[in-house]
Amino acid sequence: MNSNFSITLLLFCFALSKPSVAEEPVDFARDIQPILAENCYFCHGPDAKQRASDLRLDIEEDAKQSIIAGDANSSELYSRIRSDDPDEQMPPPDSHRSLTPDQISLIQKWIDQGGKWGQHWAYKPIVKPEIEASNAIDFFVQQQLHQQGLQFSPIADRRTLLRRVSLDLTGLPPTVEQIDTFLADSSPDAYQQMVERMLQSPAYGERMAWDWLDSARYADTNGYQGDNERTMWPWRDWVIGAFNDNLPFDQFSKWQIAGDLLTKPTEEQILATGFNRNHPINGEGGRIPEENRIDYVMDMTETTGTVWLSLTFNCCRCHDHKYDQLTQDDYYSLFAFFNQTPVTGAGGNAQTAPVLSVPDQPQRLQLAKLKNELSKFESEQKRLIGALNQKQSDWELAQTKQLQEINTWSVWHPESYSAQKADLGYSNDGSLLTSGANPANDNYELTGKSDLATIQAIRLETLKHASMTAGGLTRSNSSNFVLTDFAAYLIEPGKPPTRLPFKQAQADYEQPGHGAQLAIDANAQSGWAVWASNKNMQQEHEAIFSFEKPVTLSPDAKIKFVLKHESVHKQHNIGRLRISLTEQNNPTLAGDTKQLLAALQQPIDSRSPAQLKLIQQKHFESDTDYQTQATKIESINSQIKTRAKGYPKVMVMADGPKLRKTYRLNRGSYEDPLNEVSMRVPEMLAALPKNITPNRLALANWLFSVDNPLTPRVSINRIWAKFFNTGLVKTLEDFGVQGEPPSHPKLLDWLAAEYRDCGWDTKHMIRLILNSRTYRQSSHTSSHLLELDPDNRLLARASRFRIPSWMIRDYALASSGRLVRKIGGRPVNSYQPKGVWEEASFGKKTYRQDSGDALYRRSIYTFWRRIAAPTMIFDNADRMTCSVISYRTNTPLHALNTLNNTTYVEAARLLASSVLKEKLTDQETLDKIYQRVVTRLPREKEIPILLAGLAHDRQQFAAHNDNVISFLGVGDSPVEPNLDPVELASWTNLCIAVLNLDESLTRQ
């Protein structure tokens, strides 16, 4: 057969056998909307002020005026984007935007296919795709790999997997013990068990918390020029604990947004609201408080919108969004939820109320000890109360008899009485009442006989009356009096009046600096007064004046009393008074004795609640054992109260008592309010339920309602990014139309639905991801795959990326064996070059380096000053505003840091010391170092290079002993005295090299 004919026939047969493939439909949300958003929405989008003509391309009804479905060539839109005429061309040449030929072709195809519209992918309801596969992640990833003719890479070796999981879940390298345990475990679920151990490690919470602190713009200072210190670290510790406890993400979020609005919120739930108080605080003198306050509320609004919705709300401060259907009214309606805080914006106080006192761990232990003691004393007191209640009747009888026998006072009835300026009136109860003139100062004289033969003391009662100020004691503006002199005279027939000296005076209440004793001190400028800002000035008072010796009265003798009110305070004259006499020596103040006797004499069934309480109180106070317990309880409560004053105070959220109105602000200016807005969510999303009161709690609940598709997608996308370096949606911060569409949309929706449906169990989702074939792949790649998919968006291999700078530091400390694994506590000051704080603060802030264990805490506990962040943390969010982007260290300056910084040089020495103490061969020592740093043994080709460098260092250090001493002296930790200095220095240099290997600094 003719060969050419055979080839033609084969091609013809192949063409017949090949199935016809229908043209793939163009998807509006995936293919067309991103083009319009990038090139057209600026002039034909949501922002009315920026919009050219009346054409909107973000709304279907408006956009289709320029489209003839099925006929691109007749459509105005297509005609304009392919035109070469500058007057017709869209986008206009001066916009500096243009469509590529492929984009123009795609729009043509879309119109010819019918111009079918569609909702932006992020706002569509989440529908969980149904699959029949053991692992949904692998199912969806493999689908797209097959479409590209690709397949998964081989599974990574055990050592690589262990190190990968350890870094991803704890931010630390695995220990030698963890390596040995995993490698020795031959069970089918060895990997799953290893993942579970990492999830249960306390270091898991510390690793997960770092990204959340970036989102929450957490810092230990206010920022701005003053940059005052604050105590928000208890909130940071709560975040770590919440991750370790696997607090469901919906509760984790709701507590932070509105924990204070929950029914009977716990201290923990209120503490969680510190999330929205992490914003910077401006204390600069020229700032207006309201301007500050508005800034703070804007920060809360935009942070909430970024963290849970990934929408760029900050674009709407001043105008409608230019790309997304978010209006300025939407912005300020969300703003209204946070506009209810009582914060005024005044000053730069780093503890601006509302605040919550939160003890640190040592304080909590001490508090628990005190409360335990208190509980024991209260239990004993309760037992005593039971016993006393059984003796109540007997005590009442005895007490009644006793009160009737003691402190017997006889009301004195004067025969004559007068005031110098006012009028004095007498009542049958023995009281005298002033009326008429109300002079600035007045003196009273009272004279009469007594039925008593002997007088030991005088009782003066100041009584309230309706004619006095506010129904109180006097006619002064405050209802207070000042009795500057109280005198008693004995008047006997044929003799001059004799002044009777008093030995003491006491009162049931004395104004500070105005005691009763001052009424008998012969000083006209001093006297007894009873005013107090926190006291009820309508309360009656009494004073007792005791004579130096008993006064004996003959049948014809009289006694005269003189009361003087010569104070500089005007009208401070007693308004109503009564005098009583007693024969009893050293009588005591009646206090509530009169009330107690009256209560005891009242039939039990007729006693008022106040009388019952008074009787019980006096009964208990009469028992020595009860008093002992009460004293102990009072002492402990006093200690608890005193210690609480020293507890860290964390700024938290609260709403003011009165609803604050919210207005749209013209160009975001606090001085230019426009229309009033109410609390609501963006109109393009599902509304709040109609039957609830709008507040922060309603907002928090709405974020996690089934009607809101953004929160599940946004949250699981960020979790995914922790393990693959890039989210399924690359733009972690923007799920709007300018954000990147998901690389695996069905996988994103399946994960989002699973996260929501499993009760927002974060560890469950992490288990799914880490147990997938997708995650466990090797990160090795081929040149073909690297060219086809340089960013690994198809996930045909594991992600390989530089670990962040904070993790590099923790990694070095952990490898050295010196990392202090204490969880939580006050921030610490580690090694830092001199003068950094001083220069940034014009000398107002001085850096004081810590010592001991504080130098070796994890980076998350390092003091974070906003104006000068920790110097060893490169390429991180600045913590001034919310940031959800994952930062990777790639600056050349970081190499200088890891090679020369005190932390890394010291860590290398400590690593070398710990291995050298085992007295191993060079090869064995090298093996140990590699195990601790990169989780494997050195390869054959690496060994001679490393050992050659070691030999060179030995020679150099042996020849320069001064270099050895200075090199080993780096850092505060002591040098191991039993090791040869030259040997230690040489191995330290080798350890620095190993700690700086690309493999050491990379998660792969």
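Student: Which residues does W235 touch, beyond those up to four places away in sequence?

Tutor: This is a predicted model, in which local features need pLDDT of at least 70, side-chain atom pairs count only at pLDDT 80 or more, and totals for chains, interfaces and linings use all residues. Residues are numbered from 1 along each chain as its sequence is written, and side-chain values use heavy atoms, with hydrogens and water left out. Contact means heavy atoms within 4.5 Å. On that basis, W235 touches W212, L213, A216, Y218, Q256, L271, A272, G274, F275, N278 and V650.

Student: Which helix gives the most to the largest nonpolar core?

Tutor: A nonpolar core is a set of buried (under 20% relative accessible area) Ala, Val, Leu, Ile, Met, Phe, Trp, Tyr and Cys residues joined through side-chain atoms within 4.5 Å. The largest has 164 residues, of which L169, W212, W235, W238 and L770 touch the most other members. With nine residues, the greatest contribution to this core comes from helix α35 (residues 981-995).

Student: How many residues are in the second, separate core?

Tutor: Its members include L483, A543, L577 and L581. The size of this second core is 42 residues.

Student: Is K64 buried, partly exposed or exposed?

Tutor: K64 lies in the loop between α4 (60-63) and α5 (76-82), where helices are DSSP runs (H or I, at least four residues) numbered from the N terminus. Leaving aside neighbours within four places in sequence, K64 is in contact with G115 and W117. Partly exposed covers the range between buried and exposed, the latter being over 50% (1.4 Å probe, protein chains only). Because its relative accessible area is 32%, K64 is partly exposed.

Key
Helix = DSSP H or I, 4+ residues; strand = E, 2+ residues; numbered from the N terminus.
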